[in-house]
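Work through the exercises below with the sequence and the 3D view open. Each task is followed by a solution in steps.

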Amino acid sequence: MACPATFWRDVLNSRFSPVNDQPARRIPFLAYTIAFIVSLVPVGDSIFAQSETLEDCVERLARKAVALPHERRMSLVWTNHAALSEQRAENLRAVFAARLEGAQVRLVQGEAAPALLVSIEQTPSQIVFTATVPAEGGTNVAIEEAARPLVARDARPSNVLRLEKELRWQQEAKILSAVLPAMSAGDETTMIVLVEDALVIYSEEQGAWNLRTTKPLPPGTSQRQRSARGQLLIADETVSQVGILLPGRRCETNWTDDSPVVCSVTTAEMHPARLLAASACGTHAWWLRSDGADWTSEDRLTLRNSVAPSDSPPAAELNVPGPVFSISAGPDGGSATAVVRNVVTGNYEVYRVALSCAN
């Protein structure tokens, strides 16, 4: 396309030259003018579309969040439910945090502070960013949207391993460990929770957990100190039997009846990881481990090939809202049960963490 100056010069020469000085030329002149203006519109839109990024969207969300009434000290809880890689989601979080810090909003971890919640969701056509800011008597919400094509290059590939988490339970009292035993078809879902002085069994009915029974630990095994530890074990061949590893003790009971918890002295160590395998994801076995060592900040679960060197990069990662207390058996070989202490709420949370490689 000719530049605007050349275009107007040619039009003027054509309109007012002695040969073409005729009223009939006014219609082509108007047509050329409209065509020129219209031709600029898609070019401008194309340039704008190319300049739009997820970072732009997150920065706009941060500006909206800053404009809402808020505290000057807040904890940031960032949740990714969209088809974004964990690395990209973490990069977007860093952009959001930097914008808030630049506006003199201090983000803290491991301290009592109002929680600024940011979630990333997806619809068939949009990626939706939502920021929820605490307010007196309720919350204020800011929303930004981006077109799905913007994240096509960041989508989790279809046949690549990833970890997915599902919150199953939360409570204020300390949880040392939890398991979701594998059940036979038609049986009710069960959750076994180890607290400092008892084994608590719940059953799920119509989406709600109901207390089934509580089994006290024998005298001398309960732990009330801050560093209390414990791990639940379920035998594949005898699902009704649950093992309890405590410092210097191993206990057992049948959680399906009224038998008491029986303990003996042991030197067995608690295992900080869980072995996972899923036939849909190949023949490899994978270790699910906790990545963090700081009990006052958010943590990360990592998945590594069981035969790969210990310093090899993880095959998948998953952020969790606090330190991981234990990783135990899940309802199948491709999942585990993780107990996490949420650093924002202070609650102890039980997650089902699943290995996935499907679309």
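The model is predicted, and the exercises cover salt bridges, nonpolar cores, aromatic pairs and one helix.

**Exercise 1. Place arginine 168 in the fold and find its salt-bridge partner.**

Solution.
Step 1. Arginine 168 sits in strand β6, which covers residues 162-171.
Step 2. Its relative accessible area is 18%. The cut-off for buried is under 20%, so arginine 168 is buried.
Step 3. Beyond four places in sequence, arginine 168 is in contact with Leu180, Thr189, Glu204, Trp209, Val350, Tyr351 and Arg352.
Step 4. One of these contacts, glutamate 204, forms a salt bridge with arginine 168, at 3.0 Å from N to O. The two residues are 36 residues apart, with arginine 168 in strand β6 and glutamate 204 in strand β9 (residues 198-205).
Step 5. Glutamate 204 has a relative accessibility of 19% and counts as buried.

**Exercise 2. Which parts of the chain are linked by the salt bridge between arginine 99 and glutamate 59, and are these two residues buried or partly exposed?**

Solution.
Step 1. The closest N and O atoms of arginine 99 and glutamate 59 are 2.8 Å apart.
Step 2. Arginine 99 belongs to helix α4 (residues 86-102) and glutamate 59 to helix α3 (residues 54-67), 40 residues apart.
Step 3. Arginine 99 is partly exposed at 32% relative accessibility. Glutamate 59 is also partly exposed, at 27%.
Step 4. For context, the structure holds 14 salt bridges.

**Exercise 3. Describe the salt bridge between glutamate 144 and arginine 60, and name the network that includes Glu144 and Arg60.**

Solution.
Step 1. The side chains of glutamate 144 and arginine 60 meet at 3.1 Å, N to O.
Step 2. The pair spans 84 residues of sequence, from arginine 60 in helix α3 to glutamate 144 in strand β5 (residues 138-147).
Step 3. Glutamate 144 is buried, with a relative accessible area of 10%. Arginine 60 is partly exposed at 24%.
Step 4. Arg60 and Glu144 are linked with Lys64 in a network of salt bridges.

**Exercise 4. Which residues of the largest nonpolar core touch the most other members, and which elements supply this core?**

Solution.
Step 1. The core has 27 residues, and those touching the most other members are Leu76, Trp78, Phe96, Leu116 and Phe129.
Step 2. At least two residues of this core come from each of α3, β1 (73-80), α4, β3 (115-122), β4 (126-135) and β5. Helix α3 gives the most, with 6 residues.
Step 3. Take leucine 116 as an example. Not counting residues up to four places away in sequence, leucine 116 touches Met74, Ser75, Leu76, Val77, Phe96, Leu100, Ala131, Thr132 and Val133.
Step 4. A second, separate core has 21 residues, including Trp286, Leu303, Val320 and Leu355.

**Exercise 5. How many aromatic pairs does the structure hold, and what is the geometry of the pair formed by tryptophan 169 and tyrosine 202?**

Solution.
Step 1. There are 3 aromatic pairs.
Step 2. In the pair of tryptophan 169 and tyrosine 202, the ring centres are 4.6 Å apart and the planes stand at 40 degrees, so the pair is tilted.
Step 3. Tryptophan 169 lies in strand β6 and tyrosine 202 in strand β9, 33 residues apart. Tryptophan 169 is buried at 18% relative accessible area, and tyrosine 202 is buried at 11%.
Step 4. For comparison, phenylalanine 325 and tyrosine 348 form an edge-to-face pair, with 5.4 Å between the centres and 80 degrees between the planes.
Step 5. Phenylalanine 325 is in strand β19 (residues 324-329) and tyrosine 348 in strand β21 (residues 348-356), so this pair ties together parts 23 residues apart in sequence.
Step 6. Phenylalanine 325 is partly exposed at 22%, whereas tyrosine 348 is buried at 8%.

**Exercise 6. State the span of α4 and list what its buried residues pack against.**

Solution.
Step 1. Helix α4 has 17 residues and reaches 24 Å from its first C-alpha to its last, close to the expected 24 Å.
Step 2. Its buried residues are Glu86, Arg88, Ala89, Leu92, Arg93, Phe96, Ala97 and Leu100.
Step 3. The buried residues of α4 pack against α3, β1, β2 (106-107), β3, β4 and β18 (316-320).
Step 4. Just after α4, glutamine 104 has a positive phi of about 65 degrees.

Definitions and conventions:
Residues are numbered from 1 along each chain as its sequence is written. This is a predicted model: local features need pLDDT of at least 70, side-chain atom pairs count only at pLDDT 80 or more; totals for chains, interfaces and linings use all residues. Side-chain values use heavy atoms; hydrogens and water are left out. Helices (H or I, at least four residues) and strands (E, at least two) are DSSP runs, numbered from the N terminus. Buried means under 20% relative accessible area, exposed over 50%, partly exposed in between (1.4 Å probe, protein chains only). Contact means heavy atoms within 4.5 Å. A salt bridge is a side-chain nitrogen of Lys or Arg within 4 Å of a carboxyl oxygen of Asp or Glu. A nonpolar core is a set of buried Ala, Val, Leu, Ile, Met, Phe, Trp, Tyr and Cys residues joined through side-chain atoms within 4.5 Å. Rings of Phe, Tyr and Trp (its six-membered ring) pair if their centres lie within 6.5 Å; planes under 30 degrees apart count as stacked, over 60 as edge-to-face and the rest as tilted. The expected span of a helix is 1.5 Å times one less than its number of residues.
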